[in-house]
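Subject: Structure handover

Hi there,

Here is the structure I promised to pass along. Please have it open while you read, as my notes follow below.

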Amino acid sequence: MSTAFGKRNLINLDLFTDAYRVTGRATIGMGGIHAELGNPNSKYLELQDAYISRIHTPGEIIANYQVAAFRKDNINFIVLQDRREGIPVGTQHGRSIFTRGRIIPVFLTVPSFEIVGEAMHEGKFSAREILVQSMGSFQLIFAAKASASLYPDISYSGDLILVHKDRIGIFCLDTNKK
């Protein structure tokens with residue numbers, strides 16, 4: 001699919017709000033979903049083939065719609081199975097600006113979920129610095145797992161989880177594993 005602004009791709013994703021999980025497909029440009037979320041021309045992310053379930057009953061689909069739109073500031077996090085769909089590649093020696101630096105194990109919380117995984121950062125080893133210096137409104141967490149706070153047996157894993165920075169309640173670094 002092409003537009004006047006270049007090639008557009010359809011990707012599969014799981015989107016989480018405070019109480020719901022929505023599985024669907026989003027149309028994104030060459031910059032990946034991270035660039036789409038940072039697009040200042042729209043406050044909404046549109047999904048196609050949206051299947052909605054409650055966080056505490058993930059196997060029960062309560063609704064499905066051909067098209068659904070979400071306010072970007074209401075999204076807690078997005079799970080992708082392939083990190084290449086979330087980040088632009090080719091900035092320096094084929095590596096994205098989002099994947100340079102050292103791997104830092106992290107733990108963070110958003111409403112209803114705890115997330116563990118790895119952040120990549122070049123600068124000072126500080127939780128504040130990582131959140132402030134990472135680009136955009138969404139923090140990239142690689143090789144990540146999100147577990148429901150009240151139902152820890154319910155979890156979702158992905159190659160990349162994009163976490164809305166404004167929704168983060170706790171952000172911790174594991175200094176023993178750096």
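One thing to keep in mind from the start is that this is a predicted model. I began with the aromatic residues, and searching the whole structure turned up five aromatic pairs. Take Phe-16 and Phe-77: their ring centres are 4.4 Å apart and their planes meet at 10°, so this pair is stacked. Phe-16 belongs to strand β3 (residues 9–16) and Phe-77 to strand β7 (residues 77–80), so the pair ties together parts that are 61 residues apart in sequence. Both Phe-16 and Phe-77 are buried.

Phe-77 has another partner in Phe-113. Here the ring centres are 5.0 Å apart and the planes are at 80°, so the pair is edge-to-face. This pair also links distant parts of the chain, with Phe-77 in strand β7 and Phe-113 in strand β9 (residues 113–121), 36 residues apart. Phe-77 has a relative accessible area of 0%, so it is buried; Phe-113 is buried too, with a relative accessible area of 0%. Add Tyr-156, and you have the full cluster: Phe-16, Phe-77, Phe-113 and Tyr-156 form one aromatic group.

Elsewhere, a ring meets a charge: the charged end of Arg-71 sits over the ring of Tyr-44, 5.8 Å from the ring centre.

Next, a lysine you may like to look at. Which side chain of opposite charge is nearest to Lys-165, and how far away is it? It is Asp-166, at 8.3 Å, and Lys-165 has no salt bridge although it is buried. Lys-165 is found in the loop between β11 (155–164) and β12 (170–173). A polar atom of the Lys-165 side chain does lie 2.9 Å from the backbone oxygen of Leu-131. Leaving aside residues up to four places away in sequence, Lys-165 touches Leu-131, Ser-134, Met-135, Gly-136, Ser-137, Phe-138 and Gln-139.

Now for the overall layout. The protein chain has two helices and twelve strands, and along the sequence they follow the pattern β-β-β-β-α-β-β-β-β-β-α-β-β-β. Of the 178 residues in the protein chain, 42% are buried. Among contacts in the protein chain with a separation of 6 or more, 59% are between residues 24 or more positions apart.

Last, the salt bridges. The search of the whole structure finds seven of them, and here are some to look up:

- Asp-14 and Arg-21 form a salt bridge, with their closest N and O atoms 3.2 Å apart. Both Asp-14 and Arg-21 are buried.
- Arg-84 and Asp-82 form a salt bridge, with their closest N and O atoms 2.7 Å apart. Arg-84 has a relative accessibility of 62%, so it counts as exposed, whereas Asp-82 is partly exposed at 21% relative accessible area.
- Glu-129 and Arg-128 meet through their side chains in a salt bridge of 3.2 Å, N to O. Glu-129 counts as buried because its relative accessibility is 17%, while Arg-128 counts as exposed at 56%.

If you would like a place to start, try the Phe-16, Phe-77, Phe-113 and Tyr-156 cluster, then turn to Lys-165 in its loop between β11 and β12.

Best wishes

Technical notes. Residues numbered from 1 in each chain as written. Predicted model: local features only at pLDDT ≥ 70, side-chain atom pairs only at ≥ 80, totals over all residues. Heavy atoms only, no water. Phe/Tyr/Trp six-rings, centres within 6.5 Å; stacked < 30°, edge-to-face > 60°. Helix = DSSP H or I, 4+ residues; strand = E, 2+ residues; numbered from the N terminus. Buried < 20%, exposed > 50% of the residue type's maximum accessible area, 1.4 Å probe, protein only. Lys NZ or Arg CZ within 6 Å of the ring centre and 35° of its normal. Lys, Arg positive; Asp, Glu negative; His and termini not counted. Salt bridge = Lys/Arg side-chain N within 4 Å of Asp/Glu carboxyl O. Polar contact = N/O pair within 3.5 Å; in protein donor to acceptor, adjacent residues only side chain to side chain. Contact = heavy atoms within 4.5 Å.
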